[in-house]
Amino acid sequence: MKITIAAVGKLKEKYLKEAVSEYTKRLSRFTEVEIIEVDDEYAPDSLSEAQECQVKKKEAERLLKRVKQGSYVILLDLAGEQTTSSGFSAKLENIMISGNSHITFIIGGSLGLDQSLINISDYRLCLSKMTFPHQLARVILMEQVYRAFKIINNETYHK
């Protein structure tokens, strides 16, 4: 099993880098983890709708180049499905049971997602209706993936 997290932007804060490193280490007993960071596109504060679409398109192109053929793609999307930790672990387990050995999670940029990402996704996941910085969303995602593997392996109590 391999998990790839492809995200727009680089982690800058030391505490976030340390958290990602810790969850990568914890997950290593269950799965291989790969983190891919693509450059975010410069976007001034005031953009026209057309400029915003161009930024999202360029970021999506960078992400799409990094998605391996045959990978099951889970897109983090505010319009995606909200679930519980148990529901998420069941989803991951079902993906694995159905023969997928590689799952790619995609975290878009701060302006949102280009339609091309939505089109290639196999599943759209909403971590929360609350707004988080994209860098923090990466840590939250990794914690939930780790928790899902613990649940799948009957190593934790869950509801």
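This section describes charged pairs, aromatic pairs and selected single residues in a predicted model.

Salt bridges come to a count of 13 in the model. One of them joins D39 and K10, with N and O 3.7 Å apart. D39 lies in the loop between β2 (32-38) and α2 (49-64), and K10 lies in the loop between β1 (2-8) and α1 (14-27). The two residues are 29 positions apart in sequence, so the bridge ties together separate parts of the chain. D39 is partly exposed, because its relative accessible area is 45%. K10 also falls between the limits of 20% and 50%. Its relative accessibility is 41%, so K10 counts as partly exposed.

A second salt bridge links E18 with K14, and the closest N and O atoms are 3.8 Å apart. Both residues belong to helix α1. They are four residues apart, about one turn of the helix. E18 has a relative accessible area of 45% and is therefore partly exposed. K14 reaches 60% relative accessibility, so K14 counts as exposed.

K150 and E155 form another side-chain salt bridge, at 3.5 Å from N to O. Here the two partners fall into separate classes of burial. K150 has a relative accessible area of 18%, which means that K150 is buried. The cut-off for that class is under 20%. E155 is partly exposed, because its relative accessible area is 33%. Beyond these pairs, salt bridges link K2, E32 and E34 into a network.

Aromatic side chains were examined next. A pair of rings is described by the distance of the centres and the angle of the planes. The count of aromatic pairs is four. In one of them, the ring centres of Y23 and Y146 are 6.0 Å apart. Their planes meet at 55 degrees, so the pair is tilted. Y23 sits in helix α1 and Y146 in helix α5, and 123 residues separate them in the chain. The pair thus links distant parts of the chain. Both rings belong to buried residues: Y23 has a relative accessible area of 15%, and Y146 has a relative accessibility of 13%.

F88 and F105 form a further ring pair, with centres 6.2 Å apart. The angle between their planes is 55 degrees, so this pair is tilted. F88 lies in helix α3 (residues 85-97), whereas F105 lies in strand β4. The two are 17 residues apart, and the pair links distant parts of the chain. F88 and F105 are both buried.

Ring pairs also join Y23, F30, Y146 and F149 into a cluster. Y23 and Y146, described above as a tilted pair, are thus members of this cluster. Separately, a charged side chain is placed over an aromatic ring. K91 lies over the face of Y123, at 4.3 Å from the ring centre.

Strand β4 (residues 102-107) includes H102. H102 is buried, because its relative accessible area is 13%. Leaving aside residues up to four places away in sequence, H102 touches M1, K2 and T4. H102 also touches K68, S71 and Y72. One of these contacts, K2, is also part of the salt-bridge network with E32 and E34.

On the surface, M130, F132 and L136 make a nonpolar patch of about 270 Å². F132 is placed in the loop between β5 (123-125) and α5 (134-152). The relative accessibility of F132 is 30%, so F132 counts as partly exposed.

The backbone at N154 was considered last. Most residues other than glycine have a negative phi. N154 has a phi near 50 degrees, a positive value in a residue other than glycine. N154 lies in the segment after α5. Its relative accessibility is 69%, so N154 counts as exposed.

Notes:
Residues are numbered from 1 along each chain as its sequence is written. This is a predicted model: local features need pLDDT of at least 70, side-chain atom pairs count only at pLDDT 80 or more; totals for chains, interfaces and linings use all residues. Side-chain values use heavy atoms; hydrogens and water are left out. Patches are made of residues with over 30% relative accessible area and no salt bridge: like charges are joined within 9 Å, nonpolar side chains (Val, Leu, Ile, Met, Phe, Trp, Tyr) within 5 Å. Accessible areas come from the Shrake-Rupley method with a 1.4 Å probe; for residues, only the protein chains shown count as cover. A salt bridge is a side-chain nitrogen of Lys or Arg within 4 Å of a carboxyl oxygen of Asp or Glu. Buried means under 20% relative accessible area, exposed over 50%, partly exposed in between (1.4 Å probe, protein chains only). Contact means heavy atoms within 4.5 Å. Rings of Phe, Tyr and Trp (its six-membered ring) pair if their centres lie within 6.5 Å; planes under 30 degrees apart count as stacked, over 60 as edge-to-face and the rest as tilted. A charge sits over a ring if NZ of Lys or CZ of Arg is within 6 Å of the ring centre and within 35 degrees of the ring normal.
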